[in-house]
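Biologist: Thanks for sitting down with me. Could you take me through the labels on this one and the reasoning behind them?

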Amino acid sequence: MDRSDARGRRRRVVTAEPVKAAVPGGLSRRRRRQLSLGGQYGLFALVVIVVVLLADWGTLRLNFANWEVAKSLFPDVITVGLRNTAVYTATGFGLGLVLGLVIALMRLSSVAPYRWFAAAFIEVFRGLPLLLIFIFISVGVPLAFGTTVPGGAVGQTALALGLAAGAYMAETIRAGIEAVPKGQTEAARSLGMSHARAMRSIVIPQAFRIVIPPLTNQLVLLCKDSSLVLFLGITLEQRELTKFGRDLAGQVGNTTPIIVAGICYLIITIPLSLLARRLEARQRRGQR
């Protein structure tokens, strides 16, 4: 074979353009994606139009957005319902945070019984429905100890929410502590600090900066879970938003109070959710 023919054949092989795979239907992948998105948007718009045309807006407004009924809820929905919801949430979160920190430290302890107790606590109170915890606090504690939880509805709610939240926060805080580089502890110990002081002054503050976003999300969940206080047999002045809305809806024969209560929940939870997302974004920027 002539050497020049071989070189020419190699050049043709190298310069040959790759053969593009045939696309079924003769449409490019980008075009098919555009058509798929257009179909989804069109279907969504069609559903919205059908709902708008078929809904009885007059009946909905009368039963769910009755302005006269809504006006009659104020200011009690704020001074009673919203205030009590905030109190129950804050006390439950405070107790859960303290309990979660203690359980997290026990979970990381070198003492085996501490680790066993912490693991059992976390598994039990993360596995139980919160409703059962409320029932146990309201019924089981008086039967077992012959007395109720101090503080009335606030004390009982704080204990129930705190036990459940403490189990979740313990794992969150433990993960935050383990995320702190071990070099921080070693540097503190090299300066003569005890292990307890290094944890208190160096590790735990850094861990809390790491876990602030998930703890904020836990606060949002506790705000909604505080609605289970209605199972404690509370008085009119101890009602939170859900109980307040249900009672008023039954009295006036209209569901507008429940809608107003839901809006009040959103007044609390939406700013907290936005704060959590902002803290998460700031944390990601700080890690870059």
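**Reading the labels**

Modeller: Happily! Glutamate 280 has a relative accessibility of 27%, so it counts as partly exposed. Keep in mind that this is a predicted model.

Biologist: Why is glutamate 280 called partly exposed at 27%?

Modeller: Buried means under 20% and exposed means over 50%, with partly exposed in between. The 27% of glutamate 280 falls in between, so partly exposed is the label. Glutamate 280 sits in helix α12, and its C-alpha is 5.7 Å from that of proline 213, although the two are 67 residues apart in sequence.

Biologist: What makes arginine 284 partly exposed?

Modeller: The reasoning runs the same way. Arginine 284 has a relative accessible area of 47%. Exposed would need over 50%, so arginine 284 is partly exposed. Arginine 284 belongs to helix α12, residues 256-287, and joins Arg278, Arg282 and Arg285 in a positive surface patch.

Biologist: Now the aromatic rings. How many aromatic pairs does a search of the whole structure find?

Modeller: The search finds two. In one pair, phenylalanine 121 and phenylalanine 125, the centres are 4.7 Å apart and the planes are at 45 degrees.

Biologist: Why is the pair of phenylalanine 121 and phenylalanine 125 called tilted?

Modeller: Centres must lie within 6.5 Å to pair, and stacked needs planes under 30 degrees apart, edge-to-face over 60. With 4.7 Å and 45 degrees, the rings pair and fit neither of those two labels, so they are tilted. These two residues are four apart in helix α6 (residues 112-127), which means about one helical turn separates them. Together with Phe117, they form one aromatic cluster.

Biologist: How do you know that phenylalanine 121 and phenylalanine 125 are buried?

Modeller: Phenylalanine 121 has a relative accessible area of 10%, and phenylalanine 125 has 19%. The cut-off for buried is under 20%, so both residues are buried.

Biologist: Which elements give two or more residues to the nonpolar patch?

Modeller: The patch itself has about 840 Å² of accessible area together, and its members include Phe44, Trp57 and Ile267. Helices α2 (29-54), α3 (57-64) and α12 are the elements that give two or more residues. Isoleucine 267 is found in helix α12.

Biologist: And what makes the peptide bond from phenylalanine 74 to proline 75 cis?

Modeller: Its omega is near 0 degrees. Proline 75 lies in the loop between α4 (67-72) and α5 (76-107).

Technical notes: Residues numbered from 1 in each chain as written. Predicted model: local features only at pLDDT ≥ 70, side-chain atom pairs only at ≥ 80, totals over all residues. Heavy atoms only, no water. Patch = residues over 30% accessible without salt bridge, like charges linked within 9 Å, V, L, I, M, F, W, Y side chains within 5 Å. Areas by Shrake-Rupley, 256 points an atom, 1.4 Å probe, with all protein chains shown as cover. Salt bridge = Lys/Arg side-chain N within 4 Å of Asp/Glu carboxyl O. Lys, Arg positive; Asp, Glu negative; His and termini not counted. Charge placed at Lys NZ, Arg CZ, Asp CG, Glu CD. Buried < 20%, exposed > 50% of the residue type's maximum accessible area, 1.4 Å probe, protein only. Phe/Tyr/Trp six-rings, centres within 6.5 Å; stacked < 30°, edge-to-face > 60°.
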